[in-house]
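Got the viewer open? Let's take a short walk through the backbone, one selection at a time.

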Amino acid sequence: MLAALLVMPLVAASPARADFRVCNATQNLVGVGIGYRAKAGWITEGWWHIDASSCKTLIEGPLSSRFYYLYAEDAERGGRWDGPISMCVAEKEFKIAGVTDCVARGFQRAGFQEYDTGEQANWMVQLTDQPSTDGAAPSAGAAAPTGSNGHP
């Protein structure tokens, strides 16, 4: 089964709210981690547990960075939504400074997908089970998930 990450900016949908949200359009529980550049350096945070057919806000308020990085795992079937950017994660809840020497520092490495928000104040990523129409990985910053054999 192929799944896709659909990326949709939220433009003027709710002018009073600005945030980075992830919506889980699958029928399974999903665990999500996010990475971003802060003033003090790179940060990764997780896990947000997002129930089937629901959304969660990962970052509240106007987005302060242009680029954000996302990694997600299907908690029930073991698939994942990932990408080529290596960052640190942990098995339990985490907030990790830095993205190098993950294993030496007692963490795991995971491949995150980059999202260019175009400096918009709102952004939403939707996780889906829908296969790509031509069998290739979706375009426009979306990523096809890989198997369930652990982290890269």
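Start with Trp-47, which sits in strand 4, residues 41–50. Keep in mind as you click around that this is a predicted model. Now add Gly-46 to the selection and look at the link between the two: the peptide bond joining Gly-46 and Trp-47 is cis, with omega at about -15 degrees. Most peptide bonds are trans, which is what makes this stop worth a look.

Next, jump to the loop between strand 9 (94–97) and strand 10 (108–116), and pick out Asp-101 there. Its phi is near 50 degrees, a positive value in a residue other than glycine. Most residues other than glycine have a negative phi. Is Asp-101 buried or exposed? Its relative accessibility is 54%, and the cut-off for exposed is over 50%, so Asp-101 counts as exposed.

Carry on past strand 10 into the loop that leads to strand 11 (123–128), and select Glu-119. Here is another positive phi in a non-glycine residue, at about 65 degrees for Glu-119. With 62% relative accessibility, Glu-119 also counts as exposed.

Last stop: strand 11 itself. Of its 6 residues, 5 are buried, so strand 11 is largely enclosed by the rest of the structure. Which strand does it pair with here? Select strand 2, residues 19–24: it runs parallel to strand 11, and 5 bridges join the two. To see one of the bridge pairs, show Phe-20 together with its partner in strand 11, Trp-123.

Note on methods
Residues are numbered from 1 along each chain as its sequence is written. This is a predicted model: local features need pLDDT of at least 70, side-chain atom pairs count only at pLDDT 80 or more; totals for chains, interfaces and linings use all residues. Side-chain values use heavy atoms; hydrogens and water are left out. Helices (H or I, at least four residues) and strands (E, at least two) are DSSP runs, numbered from the N terminus. Buried means under 20% relative accessible area, exposed over 50%, partly exposed in between (1.4 Å probe, protein chains only). Two strands pair if DSSP finds at least two bridges between them.
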